Amino acid sequence: MNSDFCNQTELHERAARIKLLLLDVDGVLTDGRLYFGNQGEEFKSFSTLDGQGIKALQKTGVKVGIITGRTSNLVARRANDLGITILVQGREDKWEALQDILREHPVALEQIAFMGDDWPDLGVMTRVGLALTVANAHSSVTERAHWQSRERGGEGAVRAACDLIMKAQGTFDTALAPYLADASL
C-alpha cells in the first residue's frame, strides 16, 4: 500500500466531513472496458453492490454525483435508477465541471470526495477533501489518493467508498439496520 495514503485517524476525519461524493464512470462505476455492437450500440456493466451503497449513502444525507468525460444514455439511465441528480457528461475538464456543479450545489472543497482512476480525474482529486481510487487505478492516481479500495472498478469499489464514509459519519449501522432480522423474534 502507498505510504502517502492517510493514516486511519486522518482518513476518518476527512471522510466524516463529506457532504458530496462525486464519481467517475469508466474504471470506477464500470470495469473500464468499452463494449460496442455492430449497430453502434454501447454496453456497460454496473455493480449492484455499488448501486446499493450509493442509495444507502444518499439516504444518510450525503449527495452523490457523476462527472464523466464520455456521454452515454446508459450512464444517464443508471444515474436516474439510483436517484442521482448531479450528472455531468461529456466534460474532459472535470475541474471545470465541478465548478459548474458548485454553482448549483455549493459545498466546500474539503466536504467533497471524488473517486477516480486515471489522469483526467486528478484535477479534481488533488483539490478536494477526500481523494478515493480503485484497486486497479493508474499509479499516478494511487500516488495522490487518500484511500484506495481493495475492489477493482465496477466490482464494488464504490460500495467500499460509501461504506467508508458512512462508518466515519456514524451512519453505517443505521443504514444497515432495516436489512437485519429482528433478533427478538
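Which residues does Ile112 touch, not counting residues up to four places away in sequence? In this predicted model, the list consists of Ile18, Leu20, Leu22, Leu98, Leu102, Val107, Val128, Gly129 and Leu130. Ile112 itself lies in strand S6. Its relative accessibility is 0%, and because buried means under 20%, Ile112 counts as buried. One of the residues that Ile112 touches is Leu98, and helix H4 covers residues 94–104. Leu20 and Leu22 are also among the contacts of Ile112, and strand S1 covers 20–23. For a sense of distance, Ile112 can be set against Ala160, which is 48 residues away along the chain. The C-alpha atoms of Ile112 and Ala160 are separated by 17 Å.

The next topic is charge. Side chains of opposite charge can pair when their charged atoms come close. The structure holds 12 salt bridges, and three of the pairs are followed here, beginning with Asp26 and Lys44.

The side chains of Asp26 and Lys44 form a salt bridge with an N to O distance of 2.6 Å. Asp26 sits in the loop between strand S1 (20–23) and strand S2 (35–36), while Lys44 sits in the loop between strand S3 (42–43) and helix H2 (48–59), so this pair ties together parts that are 18 residues apart in sequence. Asp26 has 15% relative accessibility and therefore counts as buried. Lys44 also counts as buried, at 15% relative accessibility.

Asp26 has another partner, Arg70, and in that salt bridge the closest N and O atoms are 3.4 Å apart. Here the link runs from the loop between S1 and S2, where Asp26 lies, to the loop between strand S4 (63–67) and helix H3 (73–81), where Arg70 lies. Asp26 and Arg70 are 44 residues apart, and the pair links distant parts of the chain. Arg70 has 30% relative accessibility, so Arg70 counts as partly exposed.

The remaining pair is Lys94 with Asp121, whose side chains meet in a salt bridge at 2.6 Å, N to O. Lys94 belongs to helix H4, and Asp121 to the loop between strand S6 (112–116) and helix H5 (122–125). This pair too links distant parts of the chain, 27 residues apart. Both Lys94 and Asp121 are buried.

Returning to Asp26, the salt bridges can be followed one step further. Asp26, Glu42, Lys44 and Arg70 are joined into one network by salt bridges that share partners.

Notes. Residues numbered from 1 in each chain as written. Predicted model: local features only at pLDDT ≥ 70, side-chain atom pairs only at ≥ 80, totals over all residues. Heavy atoms only, no water. Salt bridge = Lys/Arg side-chain N within 4 Å of Asp/Glu carboxyl O. Helix = DSSP H or I, 4+ residues; strand = E, 2+ residues; numbered from the N terminus. Buried < 20%, exposed > 50% of the residue type's maximum accessible area, 1.4 Å probe, protein only. Contact = heavy atoms within 4.5 Å.
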